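Reader: I've got this one open on my screen. Can you walk me through the ligand site?

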Amino acid sequence: MKIYIDGKFYDKEDAKISVFDHGVLYGDGIFEGIRAYNGRIFRLDDHLARLEDSANAILLKLPIPLKEIEKAVVETVRANGLKDAYIRLVVTRGVGDLGLDMRKCKGNSSLFIIADRIELYPEEFYEKGLTLVTSTIRQKGLDQVTPGVKSLNYLANILARAEATAAGAQEAILLNASGHVSECSGDNIFFIKDGRIFTPPTSAGILVGVTRNVVMELAAEKLGVKVVERNFPRYDLYSADEVFLTGTGAEVIAGVKIDGRVIGKGVAGPMTKQLIKHFREYANTTGTPVYETVKAK
Ligand code: PXG
């Protein structure tokens, strides 16, 4: 495995960063989780745009221009000879001292990129769906570092996921401070009622998922349904016909049991299955090519 760090490739054993990097000391940095399907990087522009927005929000200057980051991502996948991959792109504040002051990180921020094979839910989960629980951990408020920033502070999500695991579930739902549903620990959430599709708005405190946006486009284009963004309590999930999650790792996957309540028929419902199919077709036929020459834009 070849790992990209600040312009060079390293073997896995040698891919190391400083213990004084504020990414390590404070979780001061941002990341993206990206997929490649069939030799093409899925929605790379969207991920890079979100990276730029996250950087801007935390006063972080990216170490190299976005165009060069794009090239580095493509080269990292190519260097590892992967066609289907999970790509982790991380930008840390860089090396500083033991204080909080970001001005002490005198060098550039650091960029590293890992491209690996991807671990997926077993295929049967796309038929039978996931079990979800509501986490006791609340989503960060909009007056904190907004959940829209994909920062290196993932502890709340990690602990929420651990609650799900402890309950025998696969994912955890985070409510926001007002008790509305926001998202899951690593996925956005949707529900379907009487043919209409709903998802929390950005103001509920969510990461604006790349997959979420694609699914909203596909719902309109392929199913003729415009997804409604509105706040809702978890009771709307309990009484939904179908619930599904979206994320780079999970793609589109049903939630069929929530806090012990069976949702709909207790298996992936018809509209969710349609969206899974359309998403897969789309993901496998689009994206930035890794092994052909990238055409000038
Ligand atoms: N919400 C949160 C909190 C996320 O972390 C999503 C929604 C979905 O966004 P995308 O852009 O992927 O559609 C995410 C991203 C993992 C893993 O290993 C998953 C994510 C991030 C980091 C790791 O499962 N999901």
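What follows is a short chat about the ligand and its surroundings.

Reader: Where does the ligand lie with respect to domain 1 and domain 2?
Author: Keep in mind that this is a predicted model. Domain 1 (2-116) gives residues to the shell around the ligand, and domain 2 (125-283) does too. Since both contribute, the ligand lies between them.

Reader: Which pocket does the ligand sit in, and how much of its accessible area does the protein cover?
Author: A polar side-chain atom of R50 lies 2.9 Å from an oxygen atom of the ligand. On its own the ligand has 540 Å² of accessible area. The ligand sits in the largest pocket, and the share covered by the protein is 84%.

Reader: Which helix and strands each supply at least two residues of the shell?
Author: By class, the shell has 6 nonpolar, 9 polar and 5 charged residues. The elements that each give at least two of the shell residues are β5 (85-92), β9 (181-184), α6 (210-223) and β13 (242-247).

Reader: Of the 20 residues around the ligand, which come nearest?
Author: An N or O atom in the T211 side chain is 2.6 Å from a ligand oxygen, and for T248 that distance is 2.5 Å. Both belong to the nearest group, which is Y154, E183, V210, T211 and T248.

Conventions:
Residues numbered from 1 in each chain as written. Predicted model: local features only at pLDDT ≥ 70, side-chain atom pairs only at ≥ 80, totals over all residues. Heavy atoms only, no water. Near = heavy atom within 4 Å. Polar contact = N/O pair within 3.5 Å; in protein donor to acceptor, adjacent residues only side chain to side chain. Areas by Shrake-Rupley, 256 points an atom, 1.4 Å probe, with all protein chains shown as cover. 1 Å grid on protein atoms, 1.4 Å probe; cavity = no way out; pocket = protein on both sides within 12 Å on 5 of 7 lines; lining within 4 Å. Sits in = over half its atoms within 2 Å of the grid points. Helix = DSSP H or I, 4+ residues; strand = E, 2+ residues; numbered from the N terminus. Nonpolar A, V, L, I, M, F, W, Y, C, P; charged D, E, K, R; others polar. Domains from an automatic or database assignment.
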